[in-house]
Amino acid sequence: MLFRVADETGGILLPGSGFGVLHPSGRASLANLQEYQYAAIGKSLRKLAEEYYEDFKKSGGK
(Lines give C-alpha, C1' and ligand atoms only; values in the text may rest on other atoms or scores of the structure.)
Protein backbone atom coordinates (compact mmCIF):
# COMPACT_ATOMS: atom_id res chain seq x y z
CA MET A 1 0.00 0.00 0.00
CA LEU A 2 2.72 2.47 0.92
CA PHE A 3 4.67 1.72 -2.25
CA ARG A 4 1.60 2.32 -4.41
CA VAL A 5 0.92 5.71 -2.85
CA ALA A 6 4.59 6.62 -3.21
CA ASP A 7 4.48 5.63 -6.90
CA GLU A 8 1.34 7.68 -7.50
CA THR A 9 2.45 10.81 -5.65
CA GLY A 10 6.23 10.80 -5.55
CA GLY A 11 6.00 11.14 -1.76
CA ILE A 12 7.98 8.87 0.50
CA LEU A 13 5.92 6.87 2.95
CA LEU A 14 7.25 4.60 5.66
CA PRO A 15 5.76 1.88 7.85
CA GLY A 16 4.76 3.31 11.23
CA SER A 17 6.47 0.41 13.02
CA GLY A 18 9.76 2.29 12.85
CA PHE A 19 8.24 4.85 15.19
CA GLY A 20 7.21 2.43 17.93
CA VAL A 21 3.60 2.06 16.80
CA LEU A 22 2.04 -1.31 17.63
CA HIS A 23 -0.91 -1.22 15.18
CA PRO A 24 -0.65 -1.16 11.37
CA SER A 25 0.13 2.35 10.24
CA GLY A 26 2.07 4.42 7.77
CA ARG A 27 4.01 7.66 8.14
CA ALA A 28 4.50 10.44 5.61
CA SER A 29 7.25 12.97 6.06
CA LEU A 30 5.53 16.35 6.11
CA ALA A 31 8.74 18.33 5.92
CA ASN A 32 9.79 20.13 2.77
CA LEU A 33 6.68 19.32 0.71
CA GLN A 34 4.60 21.75 -1.29
CA GLU A 35 0.91 22.12 -0.44
CA TYR A 36 -0.18 20.37 -3.65
CA GLN A 37 1.91 17.34 -2.65
CA TYR A 38 0.02 16.97 0.62
CA ALA A 39 -3.25 17.09 -1.34
CA ALA A 40 -1.98 14.44 -3.79
CA ILE A 41 -0.98 12.11 -0.95
CA GLY A 42 -4.36 12.55 0.73
CA LYS A 43 -6.27 11.91 -2.51
CA SER A 44 -4.20 8.82 -3.25
CA LEU A 45 -4.75 7.41 0.26
CA ARG A 46 -8.48 8.06 0.07
CA LYS A 47 -8.74 6.41 -3.37
CA LEU A 48 -6.82 3.38 -2.12
CA ALA A 49 -9.00 3.08 1.01
CA GLU A 50 -12.16 3.28 -1.11
CA GLU A 51 -10.86 0.55 -3.43
CA TYR A 52 -9.99 -1.71 -0.49
CA TYR A 53 -13.41 -1.09 1.05
CA GLU A 54 -15.17 -1.97 -2.21
CA ASP A 55 -13.12 -5.19 -2.41
CA PHE A 56 -14.07 -5.95 1.20
CA LYS A 57 -17.78 -5.47 0.48
CA LYS A 58 -17.58 -7.64 -2.66
CA SER A 59 -15.99 -10.43 -0.61
CA GLY A 60 -18.99 -10.46 1.70
CA GLY A 61 -17.20 -8.60 4.46
CA LYS A 62 -14.65 -11.29 5.15
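## Exercises on two crossing helices

Helices α1 and α2 cross in a right-handed manner. The model you have open is a predicted one, so keep that in mind as you work through the exercises.

**Exercise 1. Describe how α1 and α2 are placed relative to each other, and list the residues that make the contact.**

Step 1. Begin with the two quantities to look for: packed helices are described by the angle between their axes and the distance between those axes.

Step 2. Here the axes of α1 and α2 come within 9 Å and cross at roughly 135°.

Step 3. Now put a word to the angle. Angles over 145 degrees would count as roughly antiparallel, and 65 to 115 as roughly perpendicular. The angle found here therefore makes α1 oblique to α2.

Step 4. Collect the residues. From α1, the contact uses Arg4, Val5, Glu8 and Thr9. From α2, the partners are Ala40, Ile41, Ser44, Leu45, Lys47, Leu48 and Glu51.

**Exercise 2. Find what Thr9 and Glu8 touch, leaving out residues up to four places away in sequence.**

Step 1. Take Thr9, a residue of helix α1. With those sequence neighbours set aside, Thr9 touches Ala40, Ile41 and Ser44.

Step 2. Look also at the side chain of Thr9, where a polar atom lies 2.8 Å from the backbone oxygen of Val5.

Step 3. Move to Glu8, which is in helix α1. Under that rule of exclusion, Glu8 touches Ser44 and Lys47.

Step 4. For a sense of distance, try Glu8 and Ser25. These residues are 17 positions apart in sequence, and their C-alpha atoms are 19 Å apart in space.

**Exercise 3. Which parts of the chain does the salt bridge between Glu51 and Arg4 tie together?**

Step 1. Recall the principle: side chains of opposite charge can pair when their charged atoms come close.

Step 2. Check the distance. The closest N and O atoms of Glu51 and Arg4 are 2.7 Å apart, and the cut-off for a salt bridge is 4 Å.

Step 3. Place both residues. Glu51 belongs to helix α2 (residues 35-58) and Arg4 to helix α1 (residues 2-9), so this pair ties together parts that are 47 residues apart in sequence.

Step 4. Consider accessibility. Glu51 is partly exposed at 30% relative accessible area, and Arg4 is partly exposed at 29%.

**Exercise 4. How many salt bridges does the structure hold, and which of them can you place within helix α2?**

Step 1. The total is four salt bridges.

Step 2. One of them joins Glu50 to Arg46, with the closest N and O atoms 3.1 Å apart. Both residues lie in helix α2, four residues apart, about one turn of the helix. Glu50 is partly exposed at 42%, whereas Arg46 is exposed at 59%.

Step 3. Another links the side chains of Glu54 and Lys57, at 3.2 Å from N to O. This pair also sits in helix α2, three residues apart, about one turn of the helix. Glu54 is partly exposed with 36% relative accessibility, and Lys57 is partly exposed with 44%.

Step 4. Finish with the network: salt bridges with shared partners join Arg4, Glu8 and Glu51 into one. Glu8 is partly exposed at 38% relative accessibility.

Technical notes. Residues are numbered from 1 along each chain as its sequence is written. This is a predicted model: local features need pLDDT of at least 70, side-chain atom pairs count only at pLDDT 80 or more; totals for chains, interfaces and linings use all residues. Side-chain values use heavy atoms; hydrogens and water are left out. Buried means under 20% relative accessible area, exposed over 50%, partly exposed in between (1.4 Å probe, protein chains only). A polar contact is a pair of N or O atoms within 3.5 Å; within protein, one must be able to donate a hydrogen and the other to accept it, and residues adjacent in sequence count only if both atoms are side-chain atoms. Contact means heavy atoms within 4.5 Å. Axes are lines fitted to C-alpha atoms, for helices over the stretch in contact, and angles run from 0 to 180 degrees between N-to-C directions. Angles under 35 degrees count as roughly parallel, over 145 as roughly antiparallel, 65 to 115 as roughly perpendicular and the rest as oblique. A crossing is left-handed if the near helix is turned anticlockwise from the far one by less than a right angle, and right-handed if clockwise.
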